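Colleague: Thanks for sitting down with me over this model. Could you walk me through it, one question at a time?

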Amino acid sequence: MTLGSLANGSSISSTFLLSGIPGLEHMHIWISIPLCFIYLASILGNCTIVFIIKTEPSLHEPMYLFLSMLALTDLGLSLCTLPTVLGIFLIGVRDISQDACFAQLFFIHCLSFLESSVLLSMAFDRFVAICRPLHYASILTNTVIGRIGLASLGRSVALIFPLPFMLKRFPYCGSLVLSHSYCLHQEVMKLACADIKDNSIYGMFVIVSTVGIDSLLILFSYALILRTVLSIASKAERLKALNTCVSHICAVLLFYTPMIGLSIIHRFGKQAPHLVQVIMGFVYLLFPPLMNPIIYSVKTKQIRDRVTHVFCD
């Protein structure tokens, strides 16, 4: 390999190497067992939520329609990472082509930011239900909900669409080993034998314009909700209103905490142990799809009753 080939932008390798858990390679086959259960539970749980909401007319309300969007997004995230994660831990396949890697990171980031938009939409739903209850049905019509869903999807696709093409123009050299069992933009760009300043700036812009804005708007929504709830005279009514928000608050914390933590580690935590990055990466992509159906099934009576009816009858 010559300097001339680098100058001409020639790609040195057409594949990347994914990683499992460093130092525990001999345990990968055993680690694959709980991972299989997590994926199975995630897929089954989210499919169940979608099926129940679709087949039960009484659940065709804004809150549950947004919940079905969340379940579909979580289902997509699980399916995006399943092939490479189980490929590594079950059969030890670490190679992934550049095109497959770029496609995977596109769907992972697109669905992640779509989930952020859906969580914001659900916060808006709670705000209208608690702060504007008399106008709830007229504000959140099926048409409005559909437009919110399409706008959320359009924003995610438009922002993430340039990333694979921005990465594809780079040559890659050296040790093309990724830290995770799947591809992420912030990881792949660091392997480029070129100036990645533009990618880094654009990546930060995408995070700020999605996760940053969405999280601030969610906080603002809950500030207004809390102000309204505190103005309610009856303690029982205050608790009832707040109880309708518990599931959504858990979903928000479960999504944003590991996502922001992983982003900070990749960009600023160069001294952080590699194992911390790997574990945070698994928490970020595996736990929200696993836990969201459980949280909503436990905390939402209508969903809980329908789940019990489906599996017990």
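Modeller: Happy to! One term before we start: the bend at a residue is the angle between two axes, one fitted to the seven residues ending there and one fitted to the seven starting there. Please also keep in mind that this is a predicted model.

Colleague: Where in H12 does the kink lie?

Modeller: Helix H12 covers residues 274-299, which is 26 residues. From first C-alpha to last, H12 reaches 36 Å, close to the 38 Å expected at 1.5 Å a residue. Within H12 there is a kink of about 40°, shortly before the proline Pro-288, and its position is Phe-287.

Colleague: How many helices and strands does the protein have, and what does the globule rule give for its radius of gyration?

Modeller: The protein contains 13 helices and two strands. Its radius of gyration is 21 Å, so the protein is as compact as a globular protein of 313 residues, for which the globule rule gives 20 Å.

Colleague: What secondary structure does the chain have over residues 201-225?

Modeller: The unreviewed UniProt entry lists residues 201-225 as a "transmembrane region", along with others including 103-124. Over 103-124 the chain is 100% helix, with the end C-alpha atoms 32 Å apart. Over 201-225 the end C-alpha atoms are 35 Å apart, strand makes up 0%, and the chain is 100% helix.

Colleague: Which helix gives the largest share of the lining of the largest cavity?

Modeller: A search of the whole structure finds two cavities of 30 Å³ or more, and the largest has a volume of about 50 Å³. Its lining is made of Met-63, Met-122, Asp-125, Arg-126, Thr-244, His-248 and Tyr-296. By class, that is three nonpolar, two polar and two charged residues. The largest share, three residues, comes from helix H4 (residues 98-131).

Colleague: And which helix gives the most to the lining of the second largest cavity?

Modeller: The second largest cavity holds about 40 Å³ of space. Helix H2 (28-55), helix H3 (62-91) and H12 each supply at least two residues of its lining. With four residues, the helix that gives the most is H3.

Colleague: How many residues of the lining of the second largest cavity are charged?

Modeller: The lining residues are Asn-46, Ile-49, Leu-67, Leu-70, Ala-71, Asp-74, Asn-292, Pro-293 and Tyr-296. Six of the lining residues are nonpolar and two are polar, and the number charged is one.

Definitions and conventions:
Residues are numbered from 1 along each chain as its sequence is written. This is a predicted model: local features need pLDDT of at least 70, side-chain atom pairs count only at pLDDT 80 or more; totals for chains, interfaces and linings use all residues. Side-chain values use heavy atoms; hydrogens and water are left out. UniProt positions are given in the numbering used here, feature names are shortened, and annotations may be inferred rather than shown by experiment. The expected span of a helix is 1.5 Å times one less than its number of residues. On a 1 Å grid over the protein atoms alone, a cavity is a set of points where a 1.4 Å probe fits but cannot get out, and a pocket is an open set with protein on both sides within 12 Å along at least five of seven lines; lining residues have an atom within 4 Å of a point. Grid points are joined across faces, edges and corners, and a volume is the space filled by probe spheres set on the points. Ala, Val, Leu, Ile, Met, Phe, Trp, Tyr, Cys and Pro count as nonpolar, Asp, Glu, Lys and Arg as charged, and the others, Gly among them, as polar. The radius of gyration is taken over C-alpha atoms; the globule rule is 2.2 Å times the number of residues to the power 0.38.
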